[in-house]
Amino acid sequence: ARRFNGPPGSGHGGYSAGCAGVLVEGPAAEVTLRRPPPLETPLAVRRNGEVALLDGADVVAEARPAELSVGGPPPVSVQQAAAASERFAWEHDHPFPTCFGCGPERDPADALCLFTGPVGDGRFAVPWTPPAWTGDGVVEPVFAWAALDCPSSAPVHGTISSPVVLGRFSVALERPIEVGSPHVIQAWLERSDGRKRHTAVA
């Protein structure tokens, strides 16, 4: 749906990856986006050991089971995350201001509005209290995928000149996320590889 855009004219990376990822059996999935996900376009599902979302003959996303273990730094507090969010780098100069995940021109009534900022020690964080529209008591998995996406890009905003978009996303949802309960999403840079940046988010 058009509501779930990232860059103008294409689907939000995390939401789109989640649409494929939730079709994979197992505790974790890896999704590769092959092209900008189209909006307002029904996608066919192909299963052959893996899952692919198709726009006609074009592969939009491919998903497969994955093994994922996230270590990394200790978590920040809700208060630290709130302070970090005040330092959101794209508050006034966002390349995609209507992004479902982090666009400052979106309404929290129908978008995530996750403004992730630096803690000051290599960690980036944002508080998140999932709203009622994300699920009945617990967050629907596709919205969990969406919520993890934009925060995962925050550690690389200052390391690359062009806007950052999602290419590959591996997610493990180990336990339900309670709607209406305060959470913290935290991300950090793991490594750089040419034009690619590898981050982790929890």
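1. Let's start with a pocket. The second largest pocket in this predicted model holds about 280 Å³ of space. Its lining counts 16 residues, and the closest to the pocket's centre are A1, C19, P38, T41 and L43. Two elements give two or more residues to that lining: helix 1 (13-21) and strand 4 (58-65). Helix 1 has the largest share, with three residues. If you sort the lining by class, you get 12 nonpolar residues, three polar ones and one charged one.

2. Since helix 1 turned up in that lining, have a look at how it sits. Eight of its nine residues are buried, so this helix is mostly covered. The buried ones are G13, G14, Y15, S16, A17, G18, A20 and G21. And what lies over them? The cover includes strand 1, strand 3, strand 4, helix 3 and strand 7.

3. Helix 3 deserves its own point. How do helix 1 and helix 3 (residues 141-153) meet? Their axes come within 7 Å and cross at roughly 145°, and the crossing is right-handed. On the helix 1 side, the contact is made by G13, G14, Y15, A17, G18, C19 and G21, while helix 3 brings V142, F143, W145, A146 and D149. Taken by class, the residues of this contact are seven nonpolar, four polar and one charged. Note that C19 has two roles here: it is among the residues closest to the centre of the second largest pocket, and it also takes part in the contact with helix 3.

4. Staying with helix 3: is it enclosed or open? It is largely enclosed by the rest of the structure, because 12 of its 13 residues are buried. Those residues are V142, F143, A144, W145, A146, A147, L148, D149, C150, P151, S152 and S153. Among the elements that cover them are helix 1, strand 1, strand 6 (124-128), strand 7 (168-172), strand 8 (183-193) and strand 9 (196-201). D149 is worth a second look when you scroll through: it is on the buried list and also in the contact with helix 1.

5. Now for the closed spaces. How many cavities of 30 Å³ or more are there? The count comes to one, and the largest cavity has a volume of about 40 Å³. It is lined by F88, W90, C102, L114, T116, C150, P151, S153, A154 and H157. The classes in that lining are seven nonpolar and three polar, with no charged residues. Three of these names, C150, P151 and S153, will be familiar from the buried residues of helix 3.

6. L114, one of the cavity-lining residues, is a handy place to zoom in. You'll find it in the loop between helix 2 and strand 5. Its relative accessible area is 2%, so L114 counts as buried. Leaving aside residues up to four places away in sequence, L114 touches G101, C102, V126, P127, W128, A147, P151 and I185. F88, which also lines the cavity, is 26 residues from L114 in sequence and 9.3 Å from it in space, C-alpha to C-alpha.

7. A backbone point next. Which residues other than glycine have a positive phi? C113 is one of them, with phi near 50°. It lies in the loop between helix 2 (78-85) and strand 5 (117-118), and at 15% relative accessibility it counts as buried. E40 is another, again with phi near 50°. Its place is in the loop between strand 1 (28-33) and strand 2 (44-47).

8. Finally, two asparagines to compare. Is N5 buried or exposed? N5, found in the segment before helix 1, is buried, with a relative accessible area of 8%. Not counting residues up to four places away in sequence, its contacts are S10, G11, H12, L39, T98, C99, F100 and R106. N48 sits in the loop between strand 2 and strand 3 (51-55), and at 56% relative accessibility N48 counts as exposed. To get a sense of distance, pair N48 with A132: they are 84 residues apart in sequence and 35 Å apart in space, C-alpha to C-alpha.

Terms used. Residues are numbered from 1 along each chain as its sequence is written. This is a predicted model: local features need pLDDT of at least 70, side-chain atom pairs count only at pLDDT 80 or more; totals for chains, interfaces and linings use all residues. Side-chain values use heavy atoms; hydrogens and water are left out. Helices (H or I, at least four residues) and strands (E, at least two) are DSSP runs, numbered from the N terminus. Buried means under 20% relative accessible area, exposed over 50%, partly exposed in between (1.4 Å probe, protein chains only). On a 1 Å grid over the protein atoms alone, a cavity is a set of points where a 1.4 Å probe fits but cannot get out, and a pocket is an open set with protein on both sides within 12 Å along at least five of seven lines; lining residues have an atom within 4 Å of a point. Grid points are joined across faces, edges and corners, and a volume is the space filled by probe spheres set on the points. Ala, Val, Leu, Ile, Met, Phe, Trp, Tyr, Cys and Pro count as nonpolar, Asp, Glu, Lys and Arg as charged, and the others, Gly among them, as polar. Axes are lines fitted to C-alpha atoms, for helices over the stretch in contact, and angles run from 0 to 180 degrees between N-to-C directions. A crossing is left-handed if the near helix is turned anticlockwise from the far one by less than a right angle, and right-handed if clockwise. Contact means heavy atoms within 4.5 Å.
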